[in-house]
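Colleague: I am new to this structure and would like to go through it with you, one contact at a time. Could we begin with a residue that takes part in a pairing of charges?

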Amino acid sequence: MTADRPSLPIVTGTSVFPELVKGSAWAALLLIGLGTGAAQAQDPVADLMRNQGCPSCDLRLTTLRGLQLAGFDLKGTNLREADLKEADLSGAQLSRADLRRTELERATLVEADLTGASMRGVDMEKANLTRARFGNADLRDADLNEARLEGADFTASDLRNASLIRAGAMGANFSNAKMDGVDLERADVSGADFSDARLMQADLDRLIARGTSFRGADLSGVRLSSADMSGADFGNANLTDALLRNTRLPGADLSTVRGLSQDRIINACGDAATRLPKGITLEPCT
């Protein structure tokens with residue numbers, strides 16, 4: 001009859017040396033070490049912080065609220081519906097990242113690279129996006145209310161139906177952007193570039209756009225109520241069915257606009273420096 005042998009510890013997926021019998025101190029240490037390593041391998045946040053990035057990783061639904069992620073490499077990373085509220089992503093590399101419905105409220109993304117990112121429905125309310133790059137990014141339905149966008153680059157981005165109420169976008173670049181139905185009420189876009197952008201049916205009520213370029217832009221059907229467009233350049237812009245009510249246009253150049261209708265200019269005003277197309281008149285601003 002075979003004598004009973006001491007049982008060996010069982011660790012799934014790991015070989016155990018025969019000499020480390022059950023109850024041995026060395027076996028206990030081995031098990032603790034294996035368990036610690038497995039926990040670290042399964043902690044994506046710890047890996048992210050340790051490596052200062054995680055390009056092309058899957059971090060969807062992850063809680064990263066308030067973390068210091070400045071300069072991190074997150075190119076192509078899936079951050080869909082992650083919580084990044086108040087996180088610092090200054091200078092972070094987020095090109096081609098998936099940020100759909102991600103929470104970035106009050107986050108800091110100064111000079112971050114978000115070119116080509118997928119950001120439909122992203123929440124960036126009150127975020128600091130100064131000089132951030134969004135070229136060719138998908139920002140449809142995005143919440144950018146009260147965001148800081150000074151000097152940000154949105155060249156050829158898709159901002160259809162996005163909300164930028166009270167946003168500060170002075171000197172930002174929106175050239176060739178798709179902005180149909182965008183809400184820019186009370187935003188300040190002074191000195192910004194909207195050349196060749198699509199702004200059809202946009203809400204521009206109380207917009208501040210001093211010295212802004214709308215050259216070649218499609219502004220058909222926009223509503224400009226109580227806006228300040230002093231010194232704005234509308235060269236070759238399409239203003240078909242646009243409504244200009246109580247809008248200030250001193251020094252603005254509308255001489256080559258298309259589709260502007262006198263009956264849709266209500267109490268708008270200009271000055272001696274305002275340039276108008278043939279047949280259009282404005283009251284003088286007081």
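Colleague: Is Asp113 buried or exposed?

Modeller: Please keep in mind throughout that this is a predicted model. The relative accessible area of Asp113 is 12%, and the limit for calling a residue buried is under 20%. With 12% falling under that limit, Asp113 is therefore buried.

Colleague: With which residue does Asp113 form a salt bridge, and how far apart are the closest N and O atoms?

Modeller: Asp113 and its partner both lie in the loop between H2 and S1, 20 residues apart, and the pair links distant parts of the chain. The partner counts as partly exposed, at 34% relative accessibility, whereas Asp113 is buried. A salt bridge needs a side-chain nitrogen within 4 Å of a carboxyl oxygen, and here the closest N and O atoms are 3.8 Å apart, the partner being Arg133.

Colleague: How many salt bridges are there by this rule, and which residues do shared partners join into one network?

Modeller: The count comes to 19 salt bridges. One of them pairs Arg160 with Asp158, with 2.6 Å between the closest N and O atoms; Arg160 counts as partly exposed at 27% relative accessibility, while Asp158 counts as buried at 11%. Another pairs Asp253 with Arg275, with the closest N and O atoms 3.4 Å apart, and because Asp253 lies in the loop between S2 and strand S3 (265-266) and Arg275 in the loop between S4 and S5, that pair ties together parts 22 residues apart in sequence. Salt bridges that share partners form one network, and the residues joined in it are Asp138, Arg140, Asp158 and Arg160.

Colleague: Which residues do ring pairs link into a cluster?

Modeller: The structure holds 5 aromatic pairs. In one of these pairs, Phe174 and Phe194 are stacked, with 4.7 Å from centre to centre and 10° between the planes, and since both residues lie in the loop between H2 and S1, the pair ties together parts that are 20 residues apart in sequence. Phe174 counts as buried at 0% relative accessibility, and Phe194 likewise counts as buried at 1%. The ring pairs link into a cluster the residues Phe134, Phe154, Phe174, Phe194, Phe214 and Phe234.

Colleague: Why is the pair of Phe214 and Phe234 described as stacked?

Modeller: Phe214 is buried at 1% relative accessibility, and Phe234 is buried with a relative accessible area of 2%. The ring centres of Phe214 and Phe234 are 5.2 Å apart, and planes under 30 degrees apart count as stacked. The pair is stacked because the angle between the planes of Phe214 and Phe234 is 10°.

Colleague: How many disulfides are counted, and what pattern do they follow?

Modeller: One disulfide joins Cys54 to Cys57, with an S to S distance of 1.7 Å, and the other joins Cys269 and Cys285, with sulfur atoms 2.0 Å apart. Because Cys269 lies in strand S4 (residues 269-270) and Cys285 in the segment after strand S5 (283-284), their pair ties together parts that are 16 residues apart in sequence. The count therefore comes to 2 disulfides, and with bonded cysteines counted along the chain, the pattern is 1-2, 3-4.

Colleague: Is the disulfide of Cys54 and Cys57 left-handed or right-handed, and what is the torsion about the S-S bond of Cys269 and Cys285?

Modeller: Cys54 counts as buried at 13% relative accessibility, whereas Cys57 is partly exposed with a relative accessible area of 23%. The torsion about the S-S bond of this pair, Cys54 and Cys57, is about -80°, so the disulfide is left-handed. For Cys269, which counts as buried at 11% relative accessibility, and Cys285, which counts as partly exposed at 21%, the disulfide is right-handed, because the torsion is about 90°.

Colleague: Which residue follows H2, and what is its phi?

Modeller: At the start of helix H2 (residues 44-51), a side-chain oxygen of Asp43 comes within 3.2 Å of the backbone nitrogen of Val45. At the other side, H2 is followed by Gln52, whose phi is positive, near 55°.

Note on methods. Residues numbered from 1 in each chain as written. Predicted model: local features only at pLDDT ≥ 70, side-chain atom pairs only at ≥ 80, totals over all residues. Heavy atoms only, no water. Polar contact = N/O pair within 3.5 Å; in protein donor to acceptor, adjacent residues only side chain to side chain. Helix = DSSP H or I, 4+ residues; strand = E, 2+ residues; numbered from the N terminus. Phe/Tyr/Trp six-rings, centres within 6.5 Å; stacked < 30°, edge-to-face > 60°. Buried < 20%, exposed > 50% of the residue type's maximum accessible area, 1.4 Å probe, protein only. Disulfide = S-S within 2.5 Å.
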